[in-house]
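Q: I have a sequence and a structure in front of me, and I would like to learn how to read the features one at a time. Could we work through them together?

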Amino acid sequence: MALPDGSREINGVYIGDLLSWVMGRAQMDNAWITIMSNVNVIAVASLADTSCVILAEGVEMTEDLVQTACEKDVNILRISQPAYETALLLSQLIS
Amino acid sequence: MKELSLNILDVAENSVKAGASCTQILLTEEGNLLTLEIVDNGCGMSEEVVRSVVDPFYTTRTTRKVGLGVPLLKLASEQTGGNFQIESVTEQDNPEEHGTHVTATFYTDHIDFTPLGDVTETLLTLIQGHPDRDFVFCHQRNGHVVELDTRELREVLEDVPLNSYDVMGWIGGNLEEQYDALSQADGHSGEE
């Protein structure tokens, strides 16, 4: 987990793995759930201004990824559950 | 991108932006290996810039701080087990022969292979947007070829702009015919 901008609020959830697709569709302040974990994810999160990236299904977070996230002020978290269960958890938290 | 043709469009636009008078888009299929090459005679990039263009936080745009054309093409290639490479010679280093050569390979039988999509549309978009530049396209598969060279068209057309309605229509129709012939050849080789 890396929360360089930990004061962000979450107002909804977006789930997707095709980065170019997410880029145009994730909304500002969404939590974005994905299983992609390359550095491009940080760029897309920064571009779409999501409140955080959540790597589902326990996807590994490389040191490089965490470092870039910190540099670019992108919050990134990891969870062992799949995307659907993660979204349900978030739904309870933000409603 | 849902289609490789969109990645190609994105990266070929970089060639145009680099001042290339001619940009070649080459697709070569050998069995399950697809090689994409985008070769231009633009201003080229220094070694440092070549290293940084694969970084998604590098962009020549000033309107936003992220550029994903090259990183997404690299990702599309690597997620099929393929390779991605950029070679470039700057105009300063070699005023006679400069430009950039992007090579991406794809294993088309990998489940994460992005379909090629509508390459004809990509070419038409490039020509429409940049009628003063030249584009060479060559798609080879099983010894058959689909090709387009705007330099040849320009010679025949003389003063008629490449992006005039009739010329664009002809180019689109001609590429479609060539692709139909390519698919037919695929069918025949499958029967043998």
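A: Let us begin with a term that we shall need straight away: a residue is called buried if 20 or more other C-beta atoms lie within 10 Å of its own, and exposed if 12 or fewer do. Please keep in mind throughout that this is a predicted model.

Q: Why is helix H3 of chain B said to be largely enclosed by the rest of the structure?

A: One counts the buried residues of the helix, and in helix H3 (residues 69–78) of chain B 9 of the 10 residues are buried, so the helix is largely enclosed by the rest of the structure. The buried ones are Gly69(B), Val70(B), Pro71(B), Leu72(B), Leu73(B), Lys74(B), Leu75(B), Ala76(B) and Ser77(B). They pack against elements of both chains, namely helix H1 (19–25) and helix H2 (40–48) of chain A, together with H1, helix H2 (47–53), strand S3 (84–89) and strand S4 (99–107) of chain B.

Q: How many residues of H1(B) are buried, and what covers them?

A: Helix H1(B) is mostly covered, since 10 of its 14 residues are buried, and among these are Leu4(B), Leu6(B), Ile8(B) and Val11(B), as well as Asn7(B) and Asn14(B). The cover includes strand S1 (22–30), strand S2 (33–40), H3, S4 and helix H4 (119–129) of chain B. From its first C-alpha to its last, H1(B) reaches 20 Å, close to the 20 Å expected at 1.5 Å a residue. Just after this helix, Gly19(B) takes a positive phi of about 85 degrees.

Q: Which residues touch the most other members of the largest nonpolar core?

A: In soluble globular proteins, nonpolar side chains tend to be buried together. Here the largest nonpolar core has 52 residues, of which Trp32(A), Val53(A), Ile54(A) and Ile8(B) touch the most other members. The largest share of this core, 6 residues, comes from helix H1 (residues 4–17) of chain B. If we leave aside neighbours within four places in sequence, Val53(A) is in contact with Trp32(A), Thr34(A), Val41(A), Ala45(A), Val74(A), Asn75(A) and Ile76(A).

Q: How many residues of chain B are in contact with chain A, and of what kinds are they?

A: The contact involves 10 residues of chain B and 11 residues of chain A. On the side of chain B that touches chain A, 8 residues are nonpolar, 2 are charged and none is polar.

Q: What does the radius of gyration tell us about chain B as a whole?

A: Chain B has 6 helices and 6 strands, and its radius of gyration is 17 Å, close to the 16 Å that the globule rule gives for 192 residues, so the chain is as compact as a globular protein of that length. Buried residues make up 32% of the 192 residues.

Q: Where do Asp29(A) and Asp49(A) lie, and what is the sign of phi at each?

A: Most residues other than glycine have a negative phi. Asp29(A), although not a glycine, has a positive phi of about 70 degrees, and this residue lies in the loop between H1 and strand S2 (30–34) of chain A. Asp49(A), in the loop between H2 and strand S3 (52–55) of chain A, likewise has a positive phi, of about 55 degrees. With 15 C-beta neighbours inside 10 Å, Asp29(A) counts as partly exposed, and Asp49(A), with 13 other C-beta atoms within 10 Å, is partly exposed too.

Notes: Residues are numbered from 1 along each chain as its sequence is written. Chains are lettered from A and ligands numbered from 1 in the order in which they are written. This is a predicted model: local features need pLDDT of at least 70, side-chain atom pairs count only at pLDDT 80 or more; totals for chains, interfaces and linings use all residues. A nonpolar core is a set of buried Ala, Val, Leu, Ile, Met, Phe, Trp, Tyr and Cys residues joined through C-beta atoms within 7 Å. Helices (H or I, at least four residues) and strands (E, at least two) are DSSP runs, numbered from the N terminus. Two residues are in contact if their C-beta atoms, placed from the backbone, lie within 7 Å. Ala, Val, Leu, Ile, Met, Phe, Trp, Tyr, Cys and Pro count as nonpolar, Asp, Glu, Lys and Arg as charged, and the others, Gly among them, as polar. The radius of gyration is taken over C-alpha atoms; the globule rule is 2.2 Å times the number of residues to the power 0.38. The expected span of a helix is 1.5 Å times one less than its number of residues.
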